[in-house]
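Dear colleague,

I am handing over the structure that we spoke about, and I would ask you to open it beside this message. My notes on what was found follow below it.

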Amino acid sequence: MTINEIVKPFTAYFSLNNGLSDNKPALRRFLSQMPGMYADDEAFRAAIGEGDRLAYEFHELGIPESDGNLAFGTSIVYPGKVGAEYYMTKGHYHNVLDTAEVYYCIGGHGLMLMENPEGEWDAQPFAPGNAVYVPGRYAHRSINTGKEPLITFYVFRADAGHDYGTIETKGFRKIVVEDPDGGHPSIVDNPKWK
Ligand SMILES: O=P(O)(O)OC[C@H]1O[C@H](O)[C@H](O)[C@@H](O)[C@@H]1O
Ligand SMILES: [Fe+2]
């Protein structure tokens, strides 16, 4: 570790009400930044046509990406759907594939959808108080299946990096859609999965 990578003790504030921090501006992801990621292209075009929507935002504090450091912050996925598919993050693998991550749910309801290159997949429930463990080798995507913002606090080793390309190309095996009878979330095969 070089001298400018030494982090001094500090405290960051994240609101328990909306997940936002005043330490650093959040990085915002609008629907238009996720072309092709939702299953229903027509519904996606229609959604963008009505004016772009903020799908999620997250705080990345800029901790040096070196071994021994921890990256942490909040992620806020807003309620909404593209067609029947709930708003979600892009999702990613870690560049250092065997890096795990913990997400602690502060507010809202949803699912953490995961899959690994071995073909296993899983979905764990986000509800206030739940800490979801994402093991190494699992790509992960947060999905808001509720009516309130889904707010999570995450921690992972800072040198893990993000691999977005694999998911952008292949997609996840599963998608989470609102069931037409009853409005409950259901996990179904992704018709676009490659
Ligand atoms: O990176 P995305 O898949 O777009 O998700 C947004 C963010 O979600 C979480 O907060 C992760 O811990 C971040 O590392 C990630 O960048
Ligand atoms: Fe991650």
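**Notes on the metal site and the pocket**

Glu101 stands opposite Phe156 in strand 11, and this pair is a convenient place to begin, although please keep in mind throughout that the model is predicted. The two strands concerned, strand 6 and strand 11, run antiparallel and are joined by six bridges. Strand 11 also pairs with strand 3, again in the antiparallel sense, and there the pairing extends over eight bridges. Within that second pairing, Gly73 has Tyr154 of strand 11 as its bridge partner.

Gly73 itself belongs to strand 3, and because its relative accessible area is 0%, where anything under 20% counts as buried, this glycine is classed as buried. If you would like a sense of distance, the C-alpha atoms of Gly73 and Leu97 are separated by 20 Å, while the two residues lie 24 apart along the chain.

Which residues coordinate the iron ion (ligand 2)? The donors are His92 (NE2), His94 (NE2), Glu101 (OE) and His140 (NE2), at 2.1 to 2.3 Å from the iron ion. Along the chain these donors follow the spacing H-x1-H-x6-E-x38-H, which you can trace for yourself in the sequence. Two of the histidines can be described further: His92 counts as buried because its relative accessibility is 9%, under the 20% cut-off, and His94 is likewise buried, with a relative accessible area of 3%.

The arrangement of the donors deserves a careful look. For comparison, the ideal angle for four tetrahedral donors at a metal is 109.5 degrees. At the iron ion (ligand 2), the angles among the four donor atoms range from 84 to 165 degrees, and the site is classed as irregular. A tetrahedral label would require all angles to lie between 85 and 135 degrees, so this range does not qualify.

Lastly, there is the largest pocket, which holds about 390 Å³ of space. It is lined by 22 residues, and those closest to its centre are Phe58, His92, Tyr154, His162 and Tyr164. His92 is thus also one of the iron donors, and Tyr154 is the bridge partner of Gly73. The elements that give two or more residues to the lining are strand 2 (54–58), strand 3 (70–77), strand 6 (101–107), strand 10 (139–144) and strand 11 (150–157). By character, the lining divides into nine nonpolar, eight polar and five charged residues.

With best wishes

Note on methods: Residues are numbered from 1 along each chain as its sequence is written. Chains are lettered from A and ligands numbered from 1 in the order in which they are written. This is a predicted model: local features need pLDDT of at least 70, side-chain atom pairs count only at pLDDT 80 or more; totals for chains, interfaces and linings use all residues. Side-chain values use heavy atoms; hydrogens and water are left out. On a 1 Å grid over the protein atoms alone, a cavity is a set of points where a 1.4 Å probe fits but cannot get out, and a pocket is an open set with protein on both sides within 12 Å along at least five of seven lines; lining residues have an atom within 4 Å of a point. Grid points are joined across faces, edges and corners, and a volume is the space filled by probe spheres set on the points. Helices (H or I, at least four residues) and strands (E, at least two) are DSSP runs, numbered from the N terminus. Ala, Val, Leu, Ile, Met, Phe, Trp, Tyr, Cys and Pro count as nonpolar, Asp, Glu, Lys and Arg as charged, and the others, Gly among them, as polar. Donors are N, O and S atoms within 2.8 Å of the metal (3.2 Å for Na, K and Ca); water is not among the atoms, so sites may look incomplete. Four donors count as tetrahedral if all angles lie between 85 and 135 degrees; four count as square planar and six as octahedral if opposite donors are over 155 degrees apart and all others between 65 and 115; anything else is irregular. Buried means under 20% relative accessible area, exposed over 50%, partly exposed in between (1.4 Å probe, protein chains only). Two strands pair if DSSP finds at least two bridges between them.
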